[in-house]
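Thanks, everyone. Let me walk you through one structure. Please have a look first.

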Amino acid sequence: MQAITVQDRDAGVGGLALSEVPYPRAAENDVIVEVHAAGFTPGELGWPGTWTDRAGRDRTPSVPGHELSGVVAELGYGTTGLTVGQRVFGLTDWSRNGSLAQYTAVEARNLAPLPADVDHVMAAALPISGLTAWQALFDHARLVTGQSVLIHGAAGGVGSIAVQLAREAGARVIGTGRAGDRDTALGLGADAFVDLQAGKLEDIGEVDVVFDVIGGEIFERSTALVRPGGTLVTIAEPVAVHPRDGRAVFFVVEPDRVRLADLAQRLRDGRLKPIVGAVRPLAEAASAFTPDKRTPGKTIIRVTQD
């Protein structure tokens, strides 16, 4: 079968290639998924799991990509809760071959059923972005109705989902990004928007929650915006600076079948709209890691036509 592979850590994006690889083997409690659409994170070539397995052993050539939507092609021994031919979507393991392939092996618990009327491309844009946004806002920051939240990267894959979820929860939402992101963020439901290149972040005032996807200087400046008892949640880097009278949390998204099913239902109901910036074929996945122009939202790789 065909897949995007990488085997030279020093080559970076230039080491990505479309290759012929063996059909995957289903371990206990696995399913083999025929991938219809896949998502990836541009920075994942720097993740340890891209290069080594859970025991730290080299596993190259490896297949990147950790979001997928497709159809169950085969069940591993002991697998329950899913059936061959069923539409599913979800996450692949960080330390195993991923979703930029025609077929991939996934732990069944990392997948959720996908309703027949949900498009595979839209579903593939949900797993990491949707689960990350939900876990940041509600599991870690404990956002509730009436609070205020500052969401950096409000027009991006994760930020755009966070804006919609926070708005529906009854929070006051302030989004940030580049000037060109303003209309997108406000259209998703943000009450206000700050251009990080021209605006003054400090003029926002104190908020109950900050959700950071950028890190660095933006993270450090954001610590001063957290009101006493508030929370700053980041997915960019481990916390080095804390708000004076609040919490700071760094986390990595975790699989959650129940939440994935909830996100799919929100998508069906029109309450949640992932922003898909571009859809490209598997053969162009390598170049998609370094796009020649910036597009809002998430790039999705269409692997198999429906």
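One term before we start: two strands count as paired if DSSP finds at least two bridges between them. And keep in mind that this is a predicted model.

Now the sheet. It is open and has 6 strands. The order reads β10-β9-β8-β11-β12-β13, and the pairing is parallel. Which strands sit at the edges? β10, residues 192-195, and β13, residues 247-250. Each of those pairs on one side only. On average, neighbouring strands in this sheet are turned by 15° against each other, ignoring direction.

Zoom in on β8 and β9. β8 covers residues 148-151, and β9 covers 172-177. The two run parallel, joined by 4 bridges. V149 stands opposite V173 in β9.

Next, helix α3, residues 157-168. It lies across β8, β9 and β11, the last being 207-212. Relative to β8, α3 runs at about 170°.

Now the backbone. Most residues other than glycine have a negative phi, and most peptide bonds are trans. Three places here deserve a look.

First, the peptide bond from T60 to P61 is cis, with omega near 0°. P61 sits in the loop between β3 (30-39) and β4 (67-75).

Second, N29. Not a glycine, yet its phi is positive, about 70°. N29 belongs to the loop between β2 (17-20) and β3. Buried, exposed or partly exposed? N29 counts as partly exposed, because its relative accessibility is 38%.

Third, R142. Again not a glycine, and again a positive phi, about 55°. R142 lies in the loop between α2 (127-140) and β8. Its relative accessible area is 54%, so R142 is exposed.

Definitions and conventions:
Residues are numbered from 1 along each chain as its sequence is written. This is a predicted model: local features need pLDDT of at least 70, side-chain atom pairs count only at pLDDT 80 or more; totals for chains, interfaces and linings use all residues. Side-chain values use heavy atoms; hydrogens and water are left out. Axes are lines fitted to C-alpha atoms, for helices over the stretch in contact, and angles run from 0 to 180 degrees between N-to-C directions. Contact means heavy atoms within 4.5 Å. Buried means under 20% relative accessible area, exposed over 50%, partly exposed in between (1.4 Å probe, protein chains only).
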